[in-house]
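Grab your viewer and work through these exercises on the model below. Each one comes with a solution you can follow step by step.

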Amino acid sequence: MISDSLNAANAYQNMARQMQGVANGDKDESGAAGETGSSGGVDFMGLVKTAAEESIETMKSGESASADALTGDIGLPELVHAVSAAELTLQTTVAVRDRMISAYQEIMRMPI
């Protein structure tokens with residue numbers, strides 16, 4: 001279970017580095033500045049989809065760890081780590097949602 005949580009944390013860090021690199025115009029190992037959409041820009045939908053999928057996996061691993069702890073399959077440190085990772089993921093997801101709603105409301109207030 002710890003390896004699942006560590007993998008989720010590593011995936012989050014890699015995604016954050018990738019997004020930072022795209023924002024800075026850096027190129028990845030393949031020489032591209034990030035995934036591109038039909039307009040030649042960064043594929044924002046792909047980044048959001050990847051982040052959502054990784055968030056779901058982290059939440060599932062926390063839920064699975066909770067069930068395993070009830071049956072005695074994992075110890076308390078592993079449970080705490082998995083639940084902490086799930087809690088951090090949930091807080092991040094809620095913060096991103098709130099920022100997206102705030103941005104949408106700001107756009108709707110703009111005069112045409």
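**Exercise 1.** How many salt bridges does the count come to?

*Solution.* The count comes to 2 salt bridges, where a salt bridge is a side-chain nitrogen of Lys or Arg within 4 Å of a carboxyl oxygen of Asp or Glu. A quick note on the ground rules: this is a predicted model, local features need pLDDT of at least 70, side-chain atom pairs count only at pLDDT 80 or more, and totals for chains, interfaces and linings use all residues. Residues are numbered from 1 along each chain as its sequence is written, and side-chain values use heavy atoms, with hydrogens and water left out.

Step 1: take Glu106, which pairs with Arg109, the closest N and O atoms being 2.7 Å apart. The two sit 3 residues apart in helix α3, so about one helical turn separates them. (Helices are DSSP runs of H or I, at least four residues; strands are runs of E, at least two; both are numbered from the N terminus.)

Step 2: check how open this pair is. Glu106 has a relative accessible area of 41%, so call it partly exposed, while Arg109, at 58%, is exposed. The cut-offs are under 20% for buried, over 50% for exposed and partly exposed in between, with a 1.4 Å probe and protein chains only.

Step 3: do the other bridge. Asp98 meets Arg97 with the closest N and O atoms 2.8 Å apart. Asp98 is partly exposed at 38%, and Arg97 is partly exposed at 44%.

**Exercise 2.** Lay out the helices and check the spans of α2 and α3.

*Solution.* Step 1: the protein chain has 3 helices and 0 strands, in the order α-α-α from the N terminus.

Step 2: the expected span is 1.5 Å times one less than the number of residues. Helix α3 (residues 76-109) has 34 residues and should therefore span 50 Å; its end C-alpha atoms are 49 Å apart, which agrees.

Step 3: helix α2 (residues 44-71) has 28 residues and reaches 41 Å from first C-alpha to last, close to the expected 40 Å. Just after α2, Gly72 takes a positive phi of about 85°.

**Exercise 3.** Which residues of α2 and α3 are buried, and which form a nonpolar patch on the surface?

*Solution.* Step 1: in α2, the buried ones are Gly46, Leu47, Thr58, Ser61, Gly62, Ala65 and Asp68. In α3 they are Leu79, Ala82, Ala85, Ala86 and Thr89.

Step 2: zoom out. Of the 112 residues of the protein chain, 16% count as buried.

Step 3: the patch is made up of Tyr104, Ile107, Met108 and Met110, together about 470 Å² of accessible area (Shrake-Rupley, 1.4 Å probe, only the protein chains shown counting as cover for residues). A patch takes residues with over 30% relative accessible area and no salt bridge, joining like charges within 9 Å and nonpolar side chains (Val, Leu, Ile, Met, Phe, Trp, Tyr) within 5 Å. Tyr104 lies in helix α3 and is exposed at 52%.

**Exercise 4.** Which helix has the lowest mean pLDDT, and which the highest?

*Solution.* Step 1: pLDDT is the predictor's confidence in each residue, from 0 to 100. The protein chain averages 79, and 63% of the residues score at least 70.

Step 2: helix α1 (residues 2-24) has the lowest mean, 61, and α3 the highest, 93. Over residues 27-35 the pLDDT is below 50, and this stretch has 10 contacts in the model beyond near neighbours in sequence (contact means heavy atoms within 4.5 Å).

Step 3: where pLDDT is low, don't read the predicted coordinates in detail.
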